[in-house]
Amino acid sequence: MPKIRCFMAMPNYTREEESKPIDLPALVCSADIAEGIHGPLLFFSILNTFLSITAFLGNALILIALHKESTLHAPSKLLFRTLATSDLCVGITLEPLFVVSWILMITECWNICRYTIGTGFLIAYILGCVSLTTISAISVDRLLALLLRLKYRQVVTLQRTYAMVISIWLMGIGVTAMSFLDYLLTTWIGYIGILLGLLTSGFCYAWIFVTLRSNQRFVRPFHANQSQQSEGASPNVARYRKTVYSALWVQATLVICYLPYIITGAIVTHGQLNPSVYLAWTSAGTLVFLNSMLNPILYCWKMREVKQAVKDILRQSYRLFQCFSQLRE
């Protein structure tokens, strides 16, 4: 049976030293890569099936909790909802696609595998762009809360935040669409975007901690009215610090989980693909999927309001389950 190449359906992957396009999904879905690694592929399939279910349930629970929670500032809550939505999409779309692709590699269904792998690459690029940009936006939001103080709610409005979130999703889709024209250029744009995002977050958090340390006695309530302002800033400063540390924990976890994938992805894109390199790349990708499961845990651990809302939801769910069980009896 002749091989079906999917240049029209999938982006062209090219190397600088070669003029002809290279079909990366076709390189991955081949006997040269899959031969001898059926055991690891089966292990990753089982592991990521578990991660997919937990990421979906955990982020769905967080989205419900954030919807019910009313004490968090609405624009800040929207940014965390965007991050949880991207993690939810990882659990219900990206992980199942790669699990199916690994099963297809084991069963040697190469033609279908190329389409599932290629689609997974595109979705991964979009969701990765949204996650990394949103986490940078959260750091900017925390810095603006410190610098603007009482004007923060007037400047950072829900409508403006919605516009920014929509722009983030459109940017992710637009940059991903460029891969159909020039994959290497899109990859370099991604690397530059990651670097700029990390530099932006690092700059914002450094400015926040330097300002809090040097002006600790002069910081006033960020979201208080005039009557509250005279009572002192301690409660609001303490709460602000907690929000900053919560965002910083999410940022650090994301960087730790994404960095190995970025490194191995650069090796795959610009180097020689073989079974060992592919397994390293798959391991790094599983670490990225793990991040989508860890974020709900971080929200519950570091954000007291979200933790309480999650507890309330679980209690209500348990009571409904008990009532349903009694009705069946």
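Arg315 is partly exposed, with a relative accessible area of 41%. The model is predicted. The exercises below start from this residue.

**Exercise 1. Find the side chain that Arg315 meets in a salt bridge, and place the pair.**

Step 1. Look for the partner. The side chain of Asp312 forms a salt bridge with that of Arg315, at 3.0 Å from N to O.

Step 2. Check the distance. A salt bridge needs the nitrogen within 4 Å of the carboxyl oxygen, so this pair qualifies.

Step 3. Place the pair. Asp312 and Arg315 sit three residues apart in helix 12, which means about one helical turn separates them.

Step 4. Judge accessibility. Asp312 has 31% relative accessibility and counts as partly exposed. Arg315, at 41%, is partly exposed too.

**Exercise 2. Work out which parts of the chain the salt bridge of Glu305 and Arg239 ties together.**

Step 1. Start with the contact. The side chains of Glu305 and Arg239 meet at 3.5 Å, N to O.

Step 2. Assign the helices. Glu305 belongs to helix 12 (residues 304–328), and Arg239 to helix 10, so the bridge links parts 66 residues apart in sequence.

Step 3. Classify each end. Buried means under 20% relative accessible area. Glu305 has 18%, so Glu305 counts as buried. Arg239 has 39% and is partly exposed.

**Exercise 3. Decide whether Asp141 and Arg142 are buried or exposed.**

Step 1. Note the bond. The side chains of Arg142 and Asp141 form a salt bridge of 3.0 Å, N to O.

Step 2. Take Asp141. Its relative accessible area is 5%, so Asp141 is buried.

Step 3. Take Arg142. Its relative accessibility is 8%, so Arg142 is buried as well.

Step 4. Complete the count. The whole structure holds three salt bridges.

**Exercise 4. Describe the largest pocket: its volume, its lining and the classes of its residues.**

Step 1. Give the volume. The largest pocket has about 1000 Å³.

Step 2. Go to the centre. The lining has 49 residues, and those nearest the centre are Ala124, Tyr125, Gly128, Ile194 and Tyr261.

Step 3. List the helices. Those that each supply at least two lining residues include helix 4 (74–106), helix 8 (183–214), helix 10 (234–270) and helix 11 (275–302). The short list also takes in helix 1 (24–28) and helix 7 (158–177).

Step 4. Name the main contributor. Helix 5 gives the most to this lining, with 13 residues. Helix 5 spans 110–148.

Step 5. Sort by class. The lining has 34 nonpolar residues and 15 polar ones. No charged residue lines the largest pocket.

Methods:
Residues numbered from 1 in each chain as written. Predicted model: local features only at pLDDT ≥ 70, side-chain atom pairs only at ≥ 80, totals over all residues. Heavy atoms only, no water. 1 Å grid on protein atoms, 1.4 Å probe; cavity = no way out; pocket = protein on both sides within 12 Å on 5 of 7 lines; lining within 4 Å. Points joined across faces, edges and corners; volume = space filled by probe spheres on them. Helix = DSSP H or I, 4+ residues; strand = E, 2+ residues; numbered from the N terminus. Nonpolar A, V, L, I, M, F, W, Y, C, P; charged D, E, K, R; others polar. Buried < 20%, exposed > 50% of the residue type's maximum accessible area, 1.4 Å probe, protein only.
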